[in-house]
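Trainee: Please pick one part of this model and take me through it closely. After that, I would like to know how the rest is arranged around it.

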Amino acid sequence: MSALEAGHVRPAARSGPRFGTGLLVQTGVLLALFALWEASTRLGLAHPFLLPPLSDVLVRLYQDAIGGAVFVDLGLTLYRALTGFLIAAALGIPLGILMARTKFFGWFFEPLISIGFPMPKVAFVPIFILWFDIYDTSKIIMVVFSCFFPIVMATHAGTKNVDKWPLWSARALGTKESRLLWEVILPLASPQILTGLQIALPVGMITTVVTEMLMGGRGVGGAMIQAGRFADSVGVFAGIIEIALLGMLVIRGLELIRARLLIWHPEARH
Amino acid sequence: MSEFGIKVEGVSHSYAGRSGASTVALKETNLEIARNEFHALLGPSGCGKSTLLYLIGGFIPVQKGAIRTPAGVVSAPGPDRGIVFQNFALFPWKTVLENVVYGLRKQGRSKPEAEERARHYIKMVQLAGFENHFPSQLSGGMQQRAAIARTLAVDPDILLMDEPFGALDAQTRRVMQEELRSIWRNSPKTVVFVTHDVHEAVFLADRISIMSARPGRIEHLVETELGMERDDGVIASKRYVELCERIWALVREQAISASRGEH
């Protein structure tokens, strides 16, 4: 009786405090890091120009927020990252499916994708500046370019290796071949496609900021380079914190979308 | 045997191997199954019993010979032949109800009609109350019940079962066997049941085809003659025990030659 009870009770008892403790420890680590940062600058261990005190950075963040200018930069960065990401998804998912379903597309694109995937996309910035100038178009195309490969790879792998048994079941239940893709293959591949999107999104955020830094203009990356040029190290650190927060929010958002879409998946239950 | 359920006529099948050499899975196989017969295909692994089932299902193309059902010559899967797989093969993103409704909607039924019928079959396989659960929330036995409900709901003439209880624990397995037999008695269908479990075949089937090892062929055909009612009494009967022993001896012979052939 005790064994049965223990087996039944333990998971519930474990998951409660564990989650709380985890959050507590994570917050603690961050707070300790911030305290260390603040203390090292206050105690003169680090030069305030090289590492400005956290409190100064926070004050700057507050001032920027009040002024509203920061939201223009954040908004522009977010707009470029998400637009590029969505265009990459709109191109990459269909191509991945085509490659998995049509031999010709597979043969044609597989070598291109394998070369393109590990290639550093930032190397194309000079070319893209020549081709598309330095404004939004060029930045967004850079983001599309860097997000595209992980999305194609994941979609290709996901739709190619679909479990044949649910497919056979669907056919036996009267599903037409032309409907199999929509009704069975895509839902089955959706976890892997979402994983591809989740890999691509941070890549897109990074590419946006780097491209903004290289091409200049407004946006968080551009603002940071500007601050650097004016020897405003507080401004650079404020930019780092802004982009970290924005990235965290966007990625968390996609995680929530995944959890919502994959409510049926075993991963939804721990 | 005036009305036939399935006719397998001179069917051979070989798979292309990696090195270009082909493996013969089935050789000149002939089998006639009567309408509404419960037929078991029994044999060691690799004897081609699943291949034969998939050929009847239309999932793999017939290379040589022909397979006929009352609906015509088999060339592709169709709703006249329902199938239940060992690994359940439910649609994981659909709830139990949605899984069962799926095939009914394909038959052109309206949504309310499909749902009503689906609920009836879900109840029949004792899953009432789990309509809105996803497969990942169910045990293996419950998933297989859902898969059986999904297949039975579209009312196929022929029910193909590919080691359907192979992934279940012994207790669940027994319960499912009894339930399957009683479901079949209440609404008779032609059943082809693939298994490598001698007891399961004897307990369930009217006739058993014992298949030989590679190349697969039907070596023996045994009528169980255990009557319609199958319960604990049958399992305790002398006829059942003797049949199991006799069939086990036949299967063992094939299994031994199969294992020799492979090494």
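Mentor: What follows starts with one sheet in chain B and then moves outward to both chains. Keep in mind throughout that this is a predicted model.

The part to look at is an open sheet of four strands in chain B, in the order S2-S1-S4-S5. The pairing in this sheet is antiparallel. Which strands stand at the edges? They are S2, residues 22–34, and S5, residues 72–73, of chain B. Each of these two has a single partner strand, so one side of each is left without a neighbour in the sheet.

Now go to the pair S1 and S4. Strand S1 of chain B covers residues 4–16, and strand S4 of chain B covers residues 64–69. The two run antiparallel and are joined by four bridges. Two residue pairs let you locate this on the screen. B:Lys7 is placed opposite B:Arg68 of S4(B), and B:Val8 has B:Ile67 in S4(B) as its bridge partner. As a general point, side chains in a regular strand alternate between the two faces of the sheet.

B:Arg68 also takes you to the next strand, for it stands opposite B:Val73 in S5(B). S4(B) and S5(B) pair in the antiparallel sense, over two bridges. These two strands form a hairpin, with two residues between them. So much for the sheet itself.

The chain that holds this sheet has eight helices and 10 strands. Its radius of gyration is 19 Å, close to the 18 Å that the globule rule gives for 263 residues, so chain B is as compact as a globular protein of that length. Along the principal axes, its C-alpha atoms fill a box of roughly 55 × 45 × 40 Å. Buried residues account for 43% of the 263 in chain B. If you take the contacts in chain B between residues at least 6 apart in sequence, 69% of them join residues at least 24 apart.

One residue elsewhere in chain B shows what buried means here. B:Leu97 is part of helix H2 of chain B. It counts as buried because 20 C-beta neighbours lie inside 10 Å. Leaving out residues up to four places away in sequence, B:Leu97 touches B:Glu115, B:Ala118, B:Ile122, B:Glu131 and B:Asn132. Compare that list with B:Leu55, which is 42 residues from B:Leu97 in sequence and 29 Å from it in space, C-alpha to C-alpha.

Next is the contact between the chains. It takes 20 residues from chain B and 14 residues from chain A. On the chain B side, the elements giving two or more residues are strand S6, residues 81–84, and helix H2, residues 96–106. By class, that side has 12 nonpolar, six polar and two charged residues.

On the other side of the contact is chain A, with 10 helices and zero strands. A compact globule of 270 residues would have a radius of gyration near 18 Å, but the value for chain A is 24 Å. Its C-alpha trace spans about 75 × 70 × 30 Å along the principal axes. Of the 270 residues in chain A, 31% are buried. For contacts between residues at least 6 apart in sequence, 71% of those in chain A join residues at least 24 apart.

Two helices of chain A are worth a stop. The first stop is H4, which runs over residues 103–116. At 1.5 Å a residue, its 14 residues should span 20 Å, and this agrees with the 20 Å between its end C-alpha atoms. H4(A) nevertheless bends by about 35° at A:Phe109, with a proline, A:Pro111, following within four residues. H4(A) is also hardly covered, with a count of zero buried residues among its 14.

The second stop is helix H2 of chain A, residues 54–67, where A:Arg60 lies. Is A:Arg60 buried or exposed? It counts as buried because it has 20 C-beta neighbours inside 10 Å. Neighbours within four places in sequence aside, A:Arg60 is in contact with A:Val234, A:Gly235 and A:Ala238. A:Ser146, on the other hand, is 86 residues from A:Arg60 in sequence and 32 Å from it in space, C-alpha to C-alpha.

Key. Residues are numbered from 1 along each chain as its sequence is written. Chains are lettered from A and ligands numbered from 1 in the order in which they are written. This is a predicted model: local features need pLDDT of at least 70, side-chain atom pairs count only at pLDDT 80 or more; totals for chains, interfaces and linings use all residues. The radius of gyration is taken over C-alpha atoms; the globule rule is 2.2 Å times the number of residues to the power 0.38. A residue is buried if 20 or more other C-beta atoms lie within 10 Å of its own, exposed if 12 or fewer, and partly exposed in between; C-beta atoms are placed from the backbone. Two residues are in contact if their C-beta atoms, placed from the backbone, lie within 7 Å. Two strands pair if DSSP finds at least two bridges between them. The expected span of a helix is 1.5 Å times one less than its number of residues. The bend at a residue is the angle between axes fitted to the seven residues ending there and the seven starting there. Ala, Val, Leu, Ile, Met, Phe, Trp, Tyr, Cys and Pro count as nonpolar, Asp, Glu, Lys and Arg as charged, and the others, Gly among them, as polar.
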